[in-house]
Amino acid sequence: MFTDLMDEDGQAVQSNQFLVVDHGVGAIIDPGGNIAFNELFMALTRWFPAQNLSYVVASHADPDIIASLDRWMTSTRAKLVISRIWERFAPHFTKAGKTEDRVIGVPDAGGKLPLGKSELWLLPAHFMHAEGNFHFYDPVSKILFTGDLGVSMMTGEEARTPVKDLRPHVARMEGFHRRYMVSNKILRLWTQMARGLDVKMLVPQHGAPIVGKQAIAEFYDWIENLRCGVDLFDERNYQVPTARIDPQSNRVTAALRVA
Ligand SMILES: [Fe+2]
Ligand SMILES: [Fe+2]
């Protein structure tokens, strides 16, 4: 896990990138945008010859997940593994022809991807938050990589310390999950599936890993009871706006005064 490969000037959200290697075969998970590429590529080579990567695995198609795709397609011979519904959108991140015969489009039901002598499980996590979204389970380390689920807002330095007690951590997750997760129905369906796995560590793309049976169980309890996304939106959120945006100050000024 790489937690702090980007300048922390507050412009871009802190992100984690992951390398999984089994018997000489390597996959990078959610390698991120262009800000992270150079440093990540160099940091990787301490553990694995980056040019030999077999897979670039993307949980979904957001810029912080895969905007560096062109660089990875150029610097390695890896195949991109991504939801089938993003398969034809991802090539927009690259120069023409770079992804030809190099995209593995994953169907909605997911699957088990061979990795060395083991495999990486691609678990359905649609609408958490992207419409085509996967989480990744490593049956050897028993780590569940949860992309934008379980994320917390903090610095790369802080993200290195795993969370063992969920209660004080909830405040750092709550706002994000209420707005970025799509609905409580999805969270409940996911939790049902996740409880069937033996998970030692739950590792999000932003912020700190959640470690240990106790904290993971508490996370499941919290998330399956969370109202979010469309649960919280009603007609008040869909009104023709009256506020004005000042492009200079980037401030929004309140409604029109009626004469
Ligand atoms: Fe995302
Ligand atoms: Fe993200």
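**Reading a sheet, a helix and a loop residue**

Q: In this predicted model, what is the strand order of the open sheet of 5 strands, and what is its pairing?

A: Start with who sits beside whom. Here the order runs β1-β2-β3-β4-β5, and the pairing is mixed.

Q: Which strands stand at the edges?

A: Look for strands with a single partner: here they are β1 (18–22) and β5 (103–106), so each has one side left without a neighbour in the sheet. As for twist, neighbouring strands are turned by 20° against each other on average, ignoring direction.

Q: In which sense do β3 and β4 pair, and over how many bridges?

A: Parallel, over 3 bridges, between residues 55–57 of β3 and 79–83 of β4. To pin down the register, take Val56: its bridge partner in β4 is Leu80.

Q: Now helices. Which residues of α5 are buried?

A: Check burial along the helix, then view it end on. In α5 (residues 184–194), the buried ones are Ile186, Leu187, Trp190 and Ala194. Down the axis they fall within an arc of 100°, so they line one face of the helix. Lys185 and Gln192, on the other side of α5, are exposed.

Q: What do the buried residues of α5 pack against?

A: They pack against β9 (143–147) and α6 (213–224).

Q: And a loop residue: is Ala130 buried or exposed?

A: Count the neighbours rather than judging by the loop. Ala130 lies between β7 (118–124) and β8 (134–138), yet Ala130 is buried because 22 other C-beta atoms lie within 10 Å, and the cut-off for buried is 20 or more. Beyond its neighbours within four places in sequence, Ala130 is in contact with His60, Ala61 and Asp62. Val182 is 52 residues away along the chain, with 8.5 Å between the C-alpha atoms of the two residues.

Definitions and conventions
Residues numbered from 1 in each chain as written. Chains lettered and ligands numbered in written order. Predicted model: local features only at pLDDT ≥ 70, side-chain atom pairs only at ≥ 80, totals over all residues. Helix = DSSP H or I, 4+ residues; strand = E, 2+ residues; numbered from the N terminus. Buried ≥ 20, exposed ≤ 12 C-beta atoms within 10 Å, placed from the backbone. Contact = placed C-beta atoms within 7 Å. Pairing = 2+ DSSP bridges. Axes fitted to C-alpha atoms, helices over the stretch in contact; angles between N-to-C directions. Arc of directions from axis to C-beta.
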